[in-house]
Amino acid sequence: MKKETLNFKQDEDILYKTKILSKKMRACFDKKLLEFDLTAQQGRALCYICQNKAQSKETHQNDIEKCFELSKSTVSGLIDRLEKKDLIKRIPAGACTKIVPTAKGHDVIELINKGRNETMTKLLNGFNEDEQSEIFNIITKLLENLKEEE
């Protein structure tokens, strides 16, 4: 079956609207993160560490490197900054060092998640559950299509 080619105007509109949506969503999340003096990457890493802890999973530096596809030096700096803000702590565990959230780290993530939920509620306002599911499926398919080209 031959794939239908979109005309340039349609491609431009989809790309443009996706870019604008992404920019607006990022601005909402960044605004919440700025309240805690966190970058988006620091917020994602802290969330990952807290989620692992909640699931009784250990977190090590290389886990963060793999999850976010970041270099060892980038993650090392990221962990250093989160530790300086008293959001995580390193616990020596033999050859590897565990990374765990502090009480302050948990509190910050709870507030960030509250803001995230408020943003998602606003974003999906007016869409029923089936439509929300369809949006998720479409976005997933778009990402899969682009992944094939990597």
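This report describes helix 4, the nonpolar core and a strand hairpin in a predicted model.

Residues are numbered from 1 along each chain as its sequence is written, and side-chain values use heavy atoms, with hydrogens and water left out. Local features need pLDDT of at least 70, side-chain atom pairs count only at pLDDT 80 or more, and totals for chains, interfaces and linings use all residues.

Helices (H or I, at least four residues) and strands (E, at least two) are DSSP runs, numbered from the N terminus. Helix 4 covers residues 72-84, and its 13 residues reach 18 Å from the first C-alpha to the last. This is close to the 18 Å expected at 1.5 Å a residue, where the expected span is 1.5 Å times one less than the number of residues. Val75, Gly77, Leu78, Ile79 and Leu82 of helix 4 are buried, that is, under 20% relative accessible area with a 1.4 Å probe and protein chains only. Their cover includes helix 2, helix 3, strand 1 and strand 2.

The largest nonpolar core (buried Ala, Val, Leu, Ile, Met, Phe, Trp, Tyr and Cys residues joined through side-chain atoms within 4.5 Å) has 20 residues, of which Leu38, Leu46, Ile64 and Ile88 touch the most other members. Helix 2, helix 4 and helix 5 each give two or more residues to this core, and helix 2 gives the most, with seven residues.

Strand 1 and strand 2 pair in the antiparallel sense over six bridges; pairing requires at least two DSSP bridges. Lys89 stands opposite Val100 in strand 2.

Two residues with positive phi are listed below.

| Residue | Place | Phi |
|---|---|---|
| Asp86 | just after helix 4 | about 60° |
| Gly94 | hairpin of strand 1 and strand 2 | near 70° |

Notes: Buried < 20%, exposed > 50% of the residue type's maximum accessible area, 1.4 Å probe, protein only. Contact = heavy atoms within 4.5 Å.
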